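Please prepare a briefing on the structure shown here, with its main features grouped by topic and the criteria behind each term stated.

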Amino acid sequence: METNINTFEQLKNECIERGKEIYEVAQENMALNSDLKIEQVRAHANRSLFAMKEAIQVGLVSKELSMSGMCGQDCFRIQERFKKHPALFGGTFEKILKYALATSEENIRMGRIVACPTAGSCGILPAAMLSVAEDCDCSIEAQLDALITAGEIGRIVAAKVALAGAVAGCQAECGVASSMAAAAVCQLRGGTIDQILNASALALKNILGLTCDPVAGLVEVPCVKRNPFLAVHAITAVELALAGVESKIPFDEVVDAMEQTGAMMSPTLKESSQAGLATTKTGLEVQKRVFG
Ligand code: SF4
């Protein structure tokens with residue numbers, strides 16, 4: 001039996017009707033639609049979770065530069081800084097920045113990462129989710145619940161808009177990653193279904209219009225540093241949602257707005273590197289240096 005949920009309204013209704021959490025509905029549907037058992041769905045999620053943790057551990061100690069030489073040592077820099085000057089906002093904030101940079105720098109070194117939803121945005125969800133999980137002593141099972149919740153958010157957004165900078169700009173990559181991260185963290189923090197969907201909607205709503213203008217066509221600048229920024233963005237959304245702040249625009253309509261914004265965005269700002277940061281004086285110099 002196939003079960004399809006393609007909107008957040010449908011997801012919420014299913015959760016209410018079945019008396020289940022988002023991750024429970026998501027894993028049951030994944031199992032039904034793929035002839036797997038729920039334990040196999042969770043085992044698959046666990047492999048992704050393990051790979052996310054591995055990418056962080058490798059990225060925290062590597063200083064290898066990317067092909068262009070533009071990126072690869074910011075994680076090292078931030079760790080050195082925090083050794084002498086702890087972050088104003090505490091240890092969890094430090095971890096979020098470190099983990100996001102560790103993962104996204106592993107991506108530009110062609111290391112093993114989990115695209116969530118894409119490679120360029122791979123550091124956002126693991127950084128936010130795993131920093132909070134560690135500092136709140138969340139079990140592996142709770143982390144899997146959070147990851148499956150985030151996956152369901154990404155899946156439903158992707159049912160409407162292709163998650164690619166070339167289609168809808170960086171709002172569809174780093175923006176959606178932040179929205180997924182907000183869902184994961186809200187789940188970890190005991191948020192209700194409404195709070196999880198509000199956190200996700202708030203994160204996405206507040207990044208609409210973000211362009212994709214990578215320097216020299218490489219997924220390095222601005223991509224790497226967007227990861228720590230948007231991991232922190234997700235935490236802001238979670239704290240607001242847990243306090244009862246709501247997205248006045250329902251989540252499905254926020255996704256509609258993202259789709260419309262992406263369609264109206266100039267092709268020069270959708271991964272073609274023909275405008276924005278890519279065509280600044282420095283951006284063009286980098287392109288010339290790297291590609292001649
Ligand atoms: S700027 Fe473009 S290439 Fe870089 S992460 Fe965003 S969408 Fe991906």
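The notes below go from the overall fold to a single helix, the nonpolar core, the ligand surroundings and the backbone.

This is a predicted model, in which local features need pLDDT of at least 70 and side-chain atom pairs count only at pLDDT 80 or more, while totals for chains, interfaces and linings use all residues. Residues are numbered from 1 along each chain as its sequence is written.

**Overall fold**

- The secondary structure of the protein comprises 13 helices and zero strands, where helices (H or I, at least four residues) and strands (E, at least two) are DSSP runs numbered from the N terminus.
- The radius of gyration, taken over C-alpha atoms, is 19 Å, close to the 19 Å that the globule rule (2.2 Å times the number of residues to the power 0.38) gives for 292 residues, so the protein is as compact as a globular protein of that length.
- Along the principal axes, the C-alpha atoms fill a box of roughly 60 × 45 × 40 Å.
- Buried residues make up 49% of the 292 residues; a residue is buried if 20 or more other C-beta atoms, placed from the backbone, lie within 10 Å of its own, exposed if 12 or fewer, and partly exposed in between.
- Among contacts with a separation of 6 or more, 78% are between residues 24 or more positions apart, a contact being two residues whose C-beta atoms, placed from the backbone, lie within 7 Å.

**Helix α10**

- Helix α10 covers residues 193-205, and its 13 residues should span 18 Å at 1.5 Å a residue (the expected span is 1.5 Å times one less than the number of residues), which agrees with the 18 Å between its end C-alpha atoms.
- Eleven of the 13 residues of α10 are buried, so this helix is largely enclosed by the rest of the structure.
- The buried residues of α10 include Gln-195, Asn-198, Ser-200 and Lys-205, as well as Ile-196 and Leu-197.
- The cover over these buried residues includes α1 (8-18), α2 (22-34), α7 (140-160), α9 (174-188), α11 (223-242) and α12 (251-264).

**Nonpolar core**

- In soluble globular proteins, nonpolar side chains tend to be buried together.
- The largest nonpolar core (a set of buried Ala, Val, Leu, Ile, Met, Phe, Trp, Tyr and Cys residues joined through C-beta atoms within 7 Å) has 90 residues, of which Ile-124, Ala-128, Met-129, Ala-181, Ala-184, Val-185 and Ala-234 touch the most other members.
- The largest share of this core, eleven residues, is contributed by α9.
- Leaving aside neighbours within four places in sequence, Ala-128 is in contact with Ile-96, Ala-181, Ala-184, Val-185, Ala-231, Ala-234 and Ile-235.

**Ligand surroundings**

- Of the 14 residues around the ligand (C-beta atom, placed from the backbone, within 6 Å of it), those that come nearest are Gly-120, Gly-165, Cys-170, Cys-212 and Cys-223.
- This shell divides into seven nonpolar, four polar and three charged residues, where Ala, Val, Leu, Ile, Met, Phe, Trp, Tyr, Cys and Pro count as nonpolar, Asp, Glu, Lys and Arg as charged, and the others, Gly among them, as polar.

**Backbone details**

- The peptide bond from Cys-116 to Pro-117 is cis, with omega near 0 degrees, and Pro-117 lies in the loop between α5 (91-108) and α6 (124-135).
- A second cis peptide bond joins Val-221 and Pro-222, with omega about 15 degrees, and Pro-222 is found in the loop between α10 and α11.
- Asp-35, in the loop between α2 and α3 (38-61), has a positive phi near 60 degrees and is exposed, with 7 other C-beta atoms within 10 Å.
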